[in-house]
Each structure stands twice: as C-alpha cells, then as structure tokens.
Amino acid sequence: MLGRAPADAASALPHPDALPHALPLGLRIGGRIQFDRTLYSIAPGAMTEELPAGYQGVPCYGHVNLGDGYALHRFYLDDDAFLQVSTVGDDVEAIKGFVFHETVNPPTKDAFRAFVMESDHLGAATIEYAGHRWWRVSNSTAGDERIPAMVYDEVLYRHEPARRDDDLTHYAMLYSRDVPELSREEFLLVSAEDSGPNEFSITYSVGMDLTTADIDIT
C-alpha cells in the first residue's frame, strides 16, 4: 500500500539453529576480548596458568541451561582459553576466565565411564593437581566423601550469524585454592566430556574470577 515490496517470507524467518537468546555483556561470535594481565607482573609464577595476552577472537560460543533461569555462557577464544559468564535471568552473576591446562583422552568408553564414576578428580573433597592441593567448590553436605559429578549439556554455536553447530555432555566438578601472594582464589574445572558415540575427553581448565573492569570487549 505504501509502495514497498512485500518481504520474502522464507528469508524473513530466522535460521532454525540460530541463537534463541541474547548474549551477555555485548559479547558475540566474531568479537574480541582482551584481559587485564596486571596481576601476573605483581607475583610472577604464583598462578598455575595465565590468561592469554592481546585481543582474542571468539570463534565459538557455548550455552548451558542449568534450569530455573540459571545459565552459563562460554566464549571460546583463539588461544586455548574461554570466558565464562554466569547469568540468572538477564542479570550477570559471575565472570570467570579459564585456560585449558591439560586434555586427557581415555582409550575406551569403559575407561571414560570409570573416570566419571570413580576418579577422585571428579568429586573428592580435595585433590592434588599441577603441584597444588585443591578444595571442592560445592554446596554438598557430604563432608570428606566423594560426591557425584555435576552433569549438564552444552550447545555450541559457530559461524556469523551464529548457528548451532554441535553439542556435548559434561560431567564436571569445580575446585579452588587460595593464592596468598595475590590474595585471591584460583579455580580448577575438571570436566569429562562426552561429544559422541566414541568421542570422549577429560579437560583440566584453570581460571579465576573477573569483573567487567578486567576485560575489554570489542
């Protein structure tokens, strides 16, 4: 009626695998993130891992729906690291930066299952790893007993505009230790990852709490 051509109905519809939700903090696939690394010069070698230097591209995004409005948003970076943003509804609850420290590939599905069900690294109250003692981060009342891993599914998105590309199941446990030289905590995320009938891995990621002042997003 106003002289405009009608929109093509097919092209107006979103891709069926497009992101169904907004991303926090203006982050996006194809964007870039830079970390403030000042603390590493204050106490060199105090942290088990260091977040990467320079601007890091974001080729992949992972979404974990934890239920009841809680979610994890993981922005995977060029140099074996990821930024994790925890949200409740539309509010940011926490920000952590992680570096992949080690990946172990179990030789068989049975070996993977045994790690998930029995390994101290996936549920014990304290563990030894990378030359440090780590304490389990949990609301459990189990005390010193081993507890089951937290299980959740992660949906991975790639491409621009973002499209669902893959998914995997995590059996995970979070640990922490005090770093007295910096008066802060360092975290160890242990995750046994099932991404297919014969695709299994165990990742050890080391990270720390961040604020929006610690990251530059473009």
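How do E5 and E6 pair, and over how many bridges? I looked this up at the start, in what is a predicted model. The pairing of E5 and E6 is antiparallel and runs over eight bridges.

**Entry 1: the E4, E5 and E6 strands**

I took one bridge between E5 and E6 as a reference point: Val85 has Ile95 in E6 as its bridge partner. Two residues lie between the strands in the hairpin of E5 and E6, and there Gly89 has a positive phi near 65°.

I then turned to the other neighbour, E4, which covers residues 70–76. E4 and E5 are also antiparallel, over seven bridges. Phe75 is the residue I find opposite Leu83 in E5. The hairpin of E4 and E5 has four residues between the strands.

Is E5 mostly covered or mostly open? I find it mostly covered, with seven of its eight residues buried.

**Entry 2: nonpolar cores**

I listed the largest nonpolar core next and got 27 residues. The members that touch the most other members are Ile33, Phe35, Phe75, Leu83 and Leu210. I note that Phe75 and Leu83, both in this list, are the two residues I found opposite each other in E4 and E5.

Which elements supply at least two residues each? I have strand E1 (32–35), helix H2 (38–42), strand E5 (81–88), strand E6 (91–104), strand E9 (150–158) and strand E12 (199–210). E5 gives the most, with three residues.

I checked Leu210 by its contacts, leaving out residues up to four places away in sequence. Leu210 touches Phe35, Leu51, Leu83, Ile95, Lys96, Gly97 and Ile215. Of these, Ile95 is the bridge partner of Val85 that I noted above.

Another core lies apart from this one and has 19 residues. Val116, Ile127, Val190 and Ile202 are among them. For background, I note that nonpolar side chains tend to be buried together in soluble globular proteins.

**Entry 3: Ala94**

I picked Ala94, which lies in strand E6. Is Ala94 buried or partly exposed? Its relative accessibility is 23%, so I count Ala94 as partly exposed; buried would require a value under 20%. Not counting residues up to four places away in sequence, Ala94 touches Gln84, Val85 and Ser86.

I also took one C-alpha to C-alpha distance from Ala94. Val151 is 57 residues from Ala94 in sequence and 20 Å from it in space.

**Entry 4: the small open sheet**

I found an open sheet of three strands with the order E2-E1-E13 and antiparallel pairing. Strand E2 (56–57) and strand E13 (215–217) are at the edges; each has a single partner strand, so one side of each has no neighbour in the sheet. E1 and E2 pair over two bridges. One bridge I looked up joins Arg32 to Gly57 in E2.

**Entry 5: backbone exceptions**

I searched for positive phi outside glycine. Asp80 has a positive phi of about 50° and is not a glycine. I place Asp80 in the loop between E4 and E5. Its relative accessibility is 52%, so Asp80 counts as exposed; the cut-off for exposed is over 50%.

Ala130 is another such residue, with a positive phi of about 55° although it is not a glycine. I find Ala130 in the loop between strand E7 (126–129) and strand E8 (132–136). Ala130 has a relative accessible area of 36% and is partly exposed.

Where is there a cis peptide bond? I find one joining Glu160 and Pro161, with omega at about -5°. Pro161 sits in the loop between E9 and strand E10 (163–179).

**Entry 6: whole-chain figures**

I closed with totals. The chain has three helices and 13 strands. Its C-alpha trace spans about 70 × 45 × 30 Å along the principal axes. Of its 218 residues, 43% count as buried.

Among contacts with a separation of 6 or more, I get 55% from residues 24 or more positions apart. The accessible surface comes to about 11,900 Å², and carbon and sulfur atoms account for 49% of that surface. I count 16 positive and 35 negative charges in the chain, and their mean positions are 3 Å apart.

Technical notes: Residues are numbered from 1 along each chain as its sequence is written. This is a predicted model: local features need pLDDT of at least 70, side-chain atom pairs count only at pLDDT 80 or more; totals for chains, interfaces and linings use all residues. Side-chain values use heavy atoms; hydrogens and water are left out. A nonpolar core is a set of buried Ala, Val, Leu, Ile, Met, Phe, Trp, Tyr and Cys residues joined through side-chain atoms within 4.5 Å. Buried means under 20% relative accessible area, exposed over 50%, partly exposed in between (1.4 Å probe, protein chains only). Contact means heavy atoms within 4.5 Å. Accessible areas come from the Shrake-Rupley method with a 1.4 Å probe; for residues, only the protein chains shown count as cover. Lys and Arg count as positive and Asp and Glu as negative; His and the chain ends are not counted. The place of a charge is taken as NZ of Lys, CZ of Arg, CG of Asp or CD of Glu. Two strands pair if DSSP finds at least two bridges between them.
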